[in-house]
Every structure is written in structure tokens, then in C-alpha cells.
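Biologist: I'm new to this one, so could you walk me through it? Let's look at it together and take it in questions and answers.

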Amino acid sequence: MSSPARDVRDVTVHARQRLVWDVLVGALEARGGPPAQVLDCGGGSGSFAVPLARVGAHVTVVDISVDALATLHRRADEAGVADRIYPVQGDVEALSDAVAVAAFDLVLAHGILEAVDSVEAAFVSIAAALRPGGLLSVLVTNPVASVLARAFAGDLDAAFTELLALDSETVLGPDAVRRLCVTAGLEIERTHGVGVFSEMIPGAALDRPGAGELLAQLEAASATRAPFADIATRVHTLARRPD
């Protein structure tokens, strides 16, 4: 019999997020114990917060946008989990002003590092929220995929410029996330590509019966396999703070 967490995945999490969802759920199921304390940085709309609350987690969401937090409140109320979601208006780069340090079992930083003024400052603040043994989930855009997208769109000048920039330490990608984790004293448990094929499949192909499930299986099978994982649109990293 499938677990409640796996069932929630099928009805509430978009297909492109499914692999990330499975990784997070697996980590929470392996943890056991009392309900997990989760922090979602910049996740105001609740795309992960609401499903995580539905499987029993207590989720604090910090977002600078009042509108995003309003959407979160509505979605949480409709899902019947408003009592397990705690919206906080705040700046991720000054996270300690909004939430307690070393208080969370799982911290999500999905897409937020691309939106801050200082990646280093934000990452330090985010990592500090982890308690010993806690997990950090980081999702960033893959700069390699951006180069390919520019080239496929016919913008060769931009593709060439972005290709040359890949060697810069200022480019936010999987290598930069790895360096940030090491500097923060976190141990990387896994890294995988997200969205290897999703952007390439014609929409009409997904209208066929079972196509969505087959695409999810294809994504999962290619997520850690070179060269496919290297060209995924995003990269997901899971890192742990040692006990």
C-alpha cells in the first residue's frame, strides 16, 4: 500500500516537481519521530508548503510578498491545513530576524537564491536555520541549460556569452551551491537534475493516456545519469548539517 505522502504527490504536486517531492518525502519518512518542522524560504504561494502540511509537517513560510502570503493563506485554508502553516513576512537575507536559528528539520530554498542581492549572505542565513541533523533542499536554475535554450532559440550571441560565463565563480549553478554548502559546514547527500526532458516534449504528446506518468519515469531515470542530468533545466541539491 502506498503511503499518504506518496498519494498526496499524485494529486497536488505538478509533474515537473515530482522528483523533488519524492526526495523530500523520502527524507521525511526516513526521519520518523514527531512532525517535522519545515521552513520554506520564499515559498509564499505554497506549492510545496501546502502538500508538506497535508502529510503532517508544520511549515513556516517566509516571503517578502504580502500577495504571495495571501495566496498561501487561501490555499492552506482550502486544503484544511491552515493550522499547520505559519506565514511570516520577511527578508530571506535577514532570516534570523524572522525565524529562530537552528530550529528546523528541513529548510527549502527553491529558486530563492536567484532572487537575492547577496547569494552568500542569504545562504548563510538559510543554513543557520537548520538544526543538527537537519536537511537543506536547494533548487537552482542550471546555467548549462540556459546556454542550450539560447542557442535553440537562435540567439547565438547570448548563448556564446553565457557559455563563456560558466567558468565564473559568480554564476549560480550546481558548482556554486556545492561550494556554499561546504563553506557552511553542510554535507551534500545527493544532487540531481530536474526537468531534463519536460521542456522538450511537445504539448500534444502529453495528451496521450499515460504520457504524464511515462514522462515522470523518464525524468527520474535520467536525473542522475550523464549527460542527461548535466543539461536539466534545474538542479536539486540535498545537504545535511552534521549532528
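Modeller: Happy to, and bear in mind that this is a predicted model. One term before we start: a residue counts as buried when its relative accessible area is under 20%.

Biologist: Good, then let's begin with strand 1, residues 37-41. How many of its five residues are buried?

Modeller: Strand 1 is mostly covered. Of its five residues, the number that are buried is four.

Biologist: Which residue in strand 2 stands opposite Gln37?

Modeller: Strand 2 covers residues 58-63 and pairs with strand 1 in the parallel sense, over five bridges. Those two strands also make a right-handed β-α-β unit together with helix 3, residues 49-54. In strand 2, the residue opposite Gln37 is His58.

Biologist: And strand 4, which of its residues stands opposite Asp40?

Modeller: Strand 4 spans residues 104-110 and runs parallel to strand 1, with three bridges joining them. Opposite Asp40 you'll find Leu108.

Biologist: What about aromatic rings: how is the pair of Phe197 and Phe228 classed?

Modeller: The structure holds one aromatic pair, so there's just this case to sort out. Its ring centres are 5.9 Å apart and the planes make an angle of 40°. Planes under 30 degrees apart would count as stacked and over 60 as edge-to-face, so the pair is classed as tilted.

Biologist: How many residues apart are Phe197 and Phe228 along the chain?

Modeller: Phe197 sits in the loop between strand 6 (187-194) and helix 9 (211-222). Phe228 is in the loop between helix 9 and strand 7 (234-240). The pair therefore links distant parts of the chain, and the separation is 31 residues.

Biologist: Is Phe228 buried or partly exposed?

Modeller: Its partner Phe197 has a relative accessible area of 18%, so Phe197 is buried. For Phe228 the value is 32%, and because that lies between the 20% and 50% cut-offs, Phe228 is partly exposed.

Biologist: In that loop between helix 9 and strand 7, where Pro227 lies, what kind of peptide bond runs from Ala226 to Pro227?

Modeller: Omega for that bond is near 5°. The peptide bond from Ala226 to Pro227 is cis.

Biologist: Let's move to empty space. How do the residues lining the largest cavity divide by type?

Modeller: The structure holds one cavity of 30 Å³ or more, and the largest has a volume of about 40 Å³. Among the residues lining the largest cavity are Leu95, Val99, Ser96 and Ser125. The lining divides into six nonpolar, two polar and no charged.

Biologist: Which element gives the most to the lining of the largest pocket?

Modeller: The largest pocket holds about 400 Å³ of space and is lined by 24 residues, with Asn142, Val144, Gly173, Pro174 and Asp175 nearest its centre. Two or more lining residues come from each of helix 6 (143-152), helix 8 (174-183) and strand 6. With five residues, the element that gives the most is helix 8.

Biologist: One last thing: what is unusual to look for in Ala102, or rather, what is its phi?

Modeller: Ala102 lies in the loop between strand 3 (85-89) and strand 4. At 37% relative accessibility, Ala102 counts as partly exposed. Its phi is a positive value in a residue other than glycine, near 55°.

Definitions and conventions:
Residues are numbered from 1 along each chain as its sequence is written. This is a predicted model: local features need pLDDT of at least 70, side-chain atom pairs count only at pLDDT 80 or more; totals for chains, interfaces and linings use all residues. Side-chain values use heavy atoms; hydrogens and water are left out. Buried means under 20% relative accessible area, exposed over 50%, partly exposed in between (1.4 Å probe, protein chains only). Two strands pair if DSSP finds at least two bridges between them. A crossover is right-handed if, with the strands pointing away from the viewer, the path from the first strand over the helix to the second runs clockwise. Rings of Phe, Tyr and Trp (its six-membered ring) pair if their centres lie within 6.5 Å; planes under 30 degrees apart count as stacked, over 60 as edge-to-face and the rest as tilted. On a 1 Å grid over the protein atoms alone, a cavity is a set of points where a 1.4 Å probe fits but cannot get out, and a pocket is an open set with protein on both sides within 12 Å along at least five of seven lines; lining residues have an atom within 4 Å of a point. Grid points are joined across faces, edges and corners, and a volume is the space filled by probe spheres set on the points. Ala, Val, Leu, Ile, Met, Phe, Trp, Tyr, Cys and Pro count as nonpolar, Asp, Glu, Lys and Arg as charged, and the others, Gly among them, as polar.
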